[in-house]
Amino acid sequence: MDSLVKLSNITKEYGTKIKTKALDKINLEILEGEFLSIIGQSGSGKSTLLNIMGTLDRPTDGELLFKGSKISRLNDDALANFRNNNLGFVFQFHHLLPELSVLENVLIPAWITFEKKPTATIIDRAKELIVLVGVENRVNNKPNELSGGQRQRVAIARSLLNNPSLVLADEPTGNLDSDASDNIYELLRTINKELNTTFIIVTHDMHIAAKADRVIEIKDGEIVRDVSNRSKAEEEAFKEFSPKNCLYCKSL
Ligand SMILES: Nc1ncnc2c1ncn2[C@@H]1O[C@H](COP(=O)(O)OP(=O)(O)OP(=O)(O)O)[C@@H](O)[C@H]1O
């Protein structure tokens with residue numbers, strides 16, 4: 001598999017007088033088609049890492065590469081353009097617009113990208129995605145007429161509209177009960193396999209995290225574990241991610 005995202009010595013400090021080092025020289029390579037989860041206790045740097053990989057925030061130091069091209073020094077307009085063409089985002093609180101229907105919410109990235117009425121082709125794509133995520137019987141409903149799981153499905157469909165190669169998800173199941181969480185996980189997995197979309201998921205849910213191909217654990221802004229679940233041998237190592245052995249879980 002080819003390299004999709006590469007971080008070289010990424011450091012992030014917040015503040016001017018009182019500085020907080022949220023990330024400390026992170027080196028990480030993510031391959032096309034990977035399904036990766038990031039775990040770590042509160043304040044460890046997970047969201048900061050996700051935001052930097054999603055170009056929503058800039059590193060203080062280090063280099064971010066996407067498909068081999070340096071992107072951390074692009075200006076704001078070029079970065080916005082890059083995001084619209086390559087990335088999708090899913091958040092814990094789906095951020096659907098309450099006055100818009102399911103279909104209109106899924107079409108939001110088209111308005112942002114083209115700044116004009118979506119074409120028939122794009123509307124067809126939105127409808128296909130709505131079928132893919134399983135809310136086709138709610139296409140004209142408003143978000144407040146949907147369950148939490150259905151809203152998250154709509155947010156996932158929206159994240160896929162521009163056919164991103166990478167979707168970054170911050171606690172995508174954080175607001176859902178365990179059945180709905182499992183269903184959302186299965187949906188993300190299906191998209192990963194069928195569309196070869198790469199997923200990076202920040203989660204506190206060990207049950208979800210442990211099902212990923214690869215689990216990264218962050219502590220105090222550093223990667224303290226990077227376990228891949230691809231080979232048999234690695235599967236054994238992966239079993240370490242039980243609540244009993246997980247570094248992060250021990251602190252719970
Ligand atoms: N805008 C900010 N200004 C100053 N410090 C910040 C800012 N955002 C995050 N931090 C600090 O950076 C560190 C990492 O925060 P981050 O939000 O990345 O952690 P997290 O692992 O995602 O936490 P949680 O699981 O609670 O969401 C924390 O010490 C946090 O207080």
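Asn-163 sits in the loop that links α6 to β7 (166–170), and its phi is positive, at about 55°, although Asn-163 is not a glycine. This is a predicted model, so please read each value below as computed from that prediction. The protein chain has 10 helices and 10 strands, and 40% of its 252 residues count as buried. The points below start with the loops, then turn to a pair of helices, the ligand and helix α1.

**Residues with a positive phi**

- Most residues other than glycine have a negative phi.
- Asn-163 counts as exposed, because it has 12 C-beta neighbours inside 10 Å and a residue with 12 or fewer is placed in that class.
- Lys-67 also has a positive phi, near 45°, and is a residue other than glycine.
- You will find Lys-67 in the loop between β4 (61–66) and β5 (69–70).
- Lys-67 has 14 other C-beta atoms within 10 Å and is therefore partly exposed, since that class lies between the limits of 12 or fewer for exposed and 20 or more for buried.
- Thr-55, which follows α1, has a positive phi near 55°.

**Helices α6 and α7**

- Helix α6 covers residues 148–160 and helix α7 covers residues 178–195.
- Two packed helices are described by the angle between their axes and the distance between the axes.
- For α6 and α7, the axes come within 10 Å and cross at roughly 20°.
- Angles under 35 degrees count as roughly parallel, so α6 and α7 are roughly parallel to each other.
- The crossing in which α6 passes α7 is right-handed.
- By class, the contact of α6 with α7 has 6 nonpolar, 4 polar and 1 charged residues.
- On the α6 side, the residues that meet α7 are Gly-148, Gly-149, Gln-152, Arg-153, Ile-156 and Leu-160.
- On the α7 side, Ala-180, Asn-183, Ile-184, Leu-187 and Ile-191 take part.

**Around the ligand**

- Which residues surround the ligand? They are Tyr-14, Gly-15, Thr-20, Ala-22, Gly-40, Ser-42, Gly-43, Ser-44, Gly-45, Lys-46, Ser-47 and Thr-48.
- Two elements, β2 (20–31) and α1 (46–53), give two or more residues to this shell.
- Helix α1 gives the most to the shell, with 3 residues.
- Sorted by class, the residues of the shell divide into 2 nonpolar, 9 polar and 1 charged.

**Helix α1**

- Is α1 largely enclosed or largely open? Helix α1 is largely enclosed by the rest of the structure, because 6 of its 8 residues are buried.
- The buried residues in α1 are Lys-46, Thr-48, Leu-49, Leu-50, Ile-52 and Met-53.
- Lys-46 and Thr-48 appear twice in this picture, as buried residues of α1 and as residues around the ligand.

**Links across the chain**

- Among contacts between residues at least 6 apart in sequence, 69% join residues at least 24 apart.
- Ala-80 belongs to helix α2 (residues 76–86).
- Ala-80 and Leu-56 are 24 residues apart in sequence, and their C-alpha atoms are 8.9 Å apart in space.
- Why does Ala-80 count as partly exposed? Ala-80 has 14 C-beta neighbours inside 10 Å, and partly exposed is the class between 12 or fewer and 20 or more.

Definitions and conventions:
Residues numbered from 1 in each chain as written. Predicted model: local features only at pLDDT ≥ 70, side-chain atom pairs only at ≥ 80, totals over all residues. Helix = DSSP H or I, 4+ residues; strand = E, 2+ residues; numbered from the N terminus. Near = placed C-beta within 6 Å. Nonpolar A, V, L, I, M, F, W, Y, C, P; charged D, E, K, R; others polar. Axes fitted to C-alpha atoms, helices over the stretch in contact; angles between N-to-C directions. Parallel < 35°, antiparallel > 145°, perpendicular 65-115°, else oblique. Left-handed = near helix turned anticlockwise from the far one by under 90°. Contact = placed C-beta atoms within 7 Å.
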